[in-house]
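Student: Please take me through one part of this structure in close detail, and then show me how other side chains behave by the same criteria. I work with computed models, so give me the cut-offs along the way.

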Amino acid sequence: MATRSPFSFLDGLFERVMSGPLPPAWLVHEVQHRTVLFLNHVLMQEREAMDRLARQRGRVARVQWRIFSMALQVTPAGLFDLAPPEAVADLRLEVSETSPLSLAGSALRGDKPTIRIEGDVQFAAEINWLVDHVRWDVEEDMARVIGDAPARAVASVVGRAVQALRSFVGARVPGGQAPAPAAGELPDRSPP
């Protein structure tokens, strides 16, 4: 007898929501705009990332997941902006996994989702470099607001919670293994 996740009903719920009416255009645009602001915030913390992207200025990457898509154009400053609707994509990235729960599980395990890539090879290599090397420094951003010591304490607690969640997901996914703790994270010492 195959075992099903106790959360499998969420996939069905998501499918029912997705088959309903589409979100209004203004909401889609606002979410895309906020995503671009966040990406640029992260990129601005990594000078090399901006330099690499600046070499690709004017290029357009279209990211697609299910019915959702977003076209990003590289600015001369090495950041992203929403591409005009008529822009032709130099690179197309389509996330193959349709289940949001599977995507979340992969992310918690530290796995990259399966992506179909079409278009400019050099641009794809630069985007891949960004994915592999650029990380959001949450602790640094929190320290600007609440100070160094409280930010370090919050980051430590969150890091342990994420590691425990990764271990939980890794232990329950067929063939999945919990990843080794990252630098600074405490290993899970609970009994299996």
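**A close look at Glu94**

Tutor: Glu94 counts as partly exposed because its relative accessibility is 31%; the scale calls a residue buried under 20% relative accessible area, exposed over 50%, and partly exposed in between, with a 1.4 Å probe and protein chains only. Bear in mind that this is a predicted model, in which local features need pLDDT of at least 70 and side-chain atom pairs count only at pLDDT 80 or more, while totals for chains, interfaces and linings use all residues. Residues are numbered from 1 along each chain as its sequence is written, and side-chain values use heavy atoms, leaving out hydrogens and water.

Let's start with the strand around Glu94. Strand S4 covers residues 91-95 and its side chains alternate: Glu94 and Arg92 point to one face and are not buried, whereas Leu91, Leu93 and Val95 point to the other and are buried. Strands here are DSSP runs (E, at least two residues), helices are runs of H or I with at least four, and both are numbered from the N terminus.

S4 has a partner in strand S1 (residues 60-65), which runs parallel to S4 and is joined to it by 5 bridges; two strands pair if DSSP finds at least two bridges between them. Within that pairing, Glu94 is the bridge partner of Gln64. S4 also pairs with strand S5 (residues 115-119), this time in the antiparallel sense, again over 5 bridges. There, Gly119 of S5 stands opposite Leu91.

The side chain of Glu94 also meets that of Arg116 in a salt bridge, at 3.3 Å from N to O. This pair links distant parts of the chain, with Glu94 in strand S4 and Arg116 in strand S5, 22 residues apart. The criterion is a side-chain nitrogen of Lys or Arg within 4 Å of a carboxyl oxygen of Asp or Glu. Arg116 is partly exposed as well, because its relative accessibility is 44%.

A search of the whole structure finds 9 salt bridges, and helix H3 (residues 47-54) offers a contrast in sequence spacing. Asp51 and Arg47 are 4 residues apart in H3, so about one helical turn separates them. Their closest N and O atoms are 3.3 Å apart in a salt bridge. Arg47 is exposed because its relative accessible area is 55%, while Asp51, at 35%, is partly exposed. Arg52 and Glu48 also lie in H3, 4 residues apart, and form a salt bridge with closest N and O atoms at 3.3 Å. Glu48 and Arg52 belong to a network of salt bridges that also takes in Arg55 and Glu126.

For a buried polar side chain, turn to Asn40 in helix H2 (residues 25-43). Its relative accessibility is 10%, so Asn40 counts as buried. A polar atom of the Asn40 side chain lies 2.7 Å from the backbone nitrogen of Phe80. Leaving aside residues up to four places away in sequence, Asn40 touches Leu79 and Phe80, where contact means heavy atoms within 4.5 Å.

Conventions:
Polar contact = N/O pair within 3.5 Å; in protein donor to acceptor, adjacent residues only side chain to side chain.
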